[in-house]
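Hi,

Here is the structure I promised to pass on to you. Have a look at it first, and then read my notes below.

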Amino acid sequence: MPPTSSSIRTENSTVPTQHTYSRSGFDVTPLSEARVAELATKLTPEAFRVTQGSGTEPAFCGNLVDNKLHGVYCCVVCGLPLFSSESKFNSGTGWPSFFTPVDAAHVSERVDRTHGMERTEINCARCRSHLGHVFSDGPRPTGLRFCLNSAALTFYEKGSPMPIVSQPIKTETAYFAGGCFWGVEHVFQEAPGVITATSGYMQGSVERPTYEQVCTGKTGHAEAVQVIFDPSVISFRQLLEGFFELHDPTQVNRQGPDSGTQYRSGVFCTDAAQLAQAQEFIAKLGASTRFSAPIATQVELAKTFYPAEDYHQDYVQNTGRVCHVGNPWPQVLGATK
Ligand SMILES: [Zn+2]
């Protein structure tokens, strides 16, 4: 999911159109310069000099060089976890050294040509703070040596409480069926706050069905999309709104050219709260004048979701073929945020 700098203007706020999440579940959307400046006011003069001015602390002087406790090393500015005690080693250089970050997406790199050398500078991917440099003389398994300034890090010992900014986001999951899953997956992938959208099969009677089995229409499965999302950015209600924009819920057991029960419209809920919300939303929609035919969307609790074969994932992105139109998210987020 590439980061983008575009945004949607609403009356009261600017809603980012896309958030970037790391595999380990952190929101790594780059912070604005104003936010970084605000966070930096809380730093010690030494941490400010190092992180905001690309400074280097003298060798053997940092407080974390000899730290052997188990725990996590986070960015001193924004709190993002960067390194773990599990990859720390004694390099003998006088700076805390690690052979890998906790998540490659948490540390960014850029060429540093200062001091008559060409080195690779490492920065926090979220707040761009200077951390140190990475060299290719490290131990196995990576052969890399991430050379850090203690002043750029906050250490949290294993078991001690971590601030919210140092914790992975709490995600929620929703499932939607709206015809061919290629297009449904693509539209959900474009939603701000959606971490992953995965095509699959659910609500049927056969375990681990294949595409060919589902295509017979005899297994009872619907082509569905699992949406894992960040509820602090987009709500289940907003996902529902987008879902009813991207397909025609009045079509029974079909969607456009695709016909069969596997193409039925459905919201498969992960808990009673989602179920009640979906039922209420659909009841209101049905009572409105928006659709001229009854809404055929099936609403029930989710059964096991089986991810579809690899070639069905990211199909629109990989082939350029589009089967559902439009991007409803600017309208959805602009209307209710
Ligand atoms: Zn940071």
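Let me start with a turn. Strands E8 and E9 make a hairpin with five residues between them, and Arg-128 in that turn has a positive phi of about 65 degrees. Please keep in mind that this is a predicted model.

The two strands of that hairpin, E8 and E9 (residues 130-135), are antiparallel and share four bridges. Within this pairing, Glu-121 sits opposite His-133 of E9. On its other side, E8 (residues 119-124) runs antiparallel to E7, with six bridges joining the two. Here Glu-121 of E8 stands opposite Arg-110. E7 and E8 also form a hairpin, this one with six residues between the strands, and His-115 takes a positive phi near 60 degrees there.

Together these strands belong to an open, antiparallel sheet of six, in the order E5-E6-E10-E9-E8-E7. Its edges are E5 (88-89) and E7 (107-112), each of which pairs on one side only. At the E5 end, two bridges link E5 to E6 (residues 97-98), again in the antiparallel sense, and Phe-89 has Ser-97 in E6 as its bridge partner.

Now for the wider layout. The chain is divided into domain 1 (26-166) and domain 2 (169-333), and their C-alpha centres are 41 Å apart. The largest nonpolar core has 75 residues, and among those with the most contacts inside it are Cys-75, Cys-124, Phe-176 and Val-227. Helix H5 (residues 236-246) gives the most to this core, with six residues. Both domains take part, as the core draws at least three residues from each of domain 1 and domain 2. Leaving out neighbours within four places in sequence, Val-227 is in contact with Thr-173, Ala-174, Phe-176, Phe-188, Val-194, Ala-197 and Leu-239.

One more residue you may want to look at is Arg-49, which lies in helix H2 (residues 45-53). Is Arg-49 exposed or only partly exposed? Arg-49 counts as partly exposed because 17 other C-beta atoms lie within 10 Å, a number between the 12 or fewer of an exposed residue and the 20 or more of a buried one. The C-alpha atoms of Arg-49 and Ala-152 are separated by 9.6 Å, although the two residues are 103 apart along the chain.

Finally, a word on confidence. The mean pLDDT of the chain is 91, and 93% of its residues reach 70 or more. Over residues 1-16, however, pLDDT stays under 50, and the model has 28 contacts beyond four places in sequence for them.

Best wishes

Notes
Residues are numbered from 1 along each chain as its sequence is written. This is a predicted model: local features need pLDDT of at least 70, side-chain atom pairs count only at pLDDT 80 or more; totals for chains, interfaces and linings use all residues. Domain bounds come from an automatic or database domain assignment. A nonpolar core is a set of buried Ala, Val, Leu, Ile, Met, Phe, Trp, Tyr and Cys residues joined through C-beta atoms within 7 Å. Two residues are in contact if their C-beta atoms, placed from the backbone, lie within 7 Å. pLDDT is the predictor's confidence in each residue, from 0 to 100. Two strands pair if DSSP finds at least two bridges between them.
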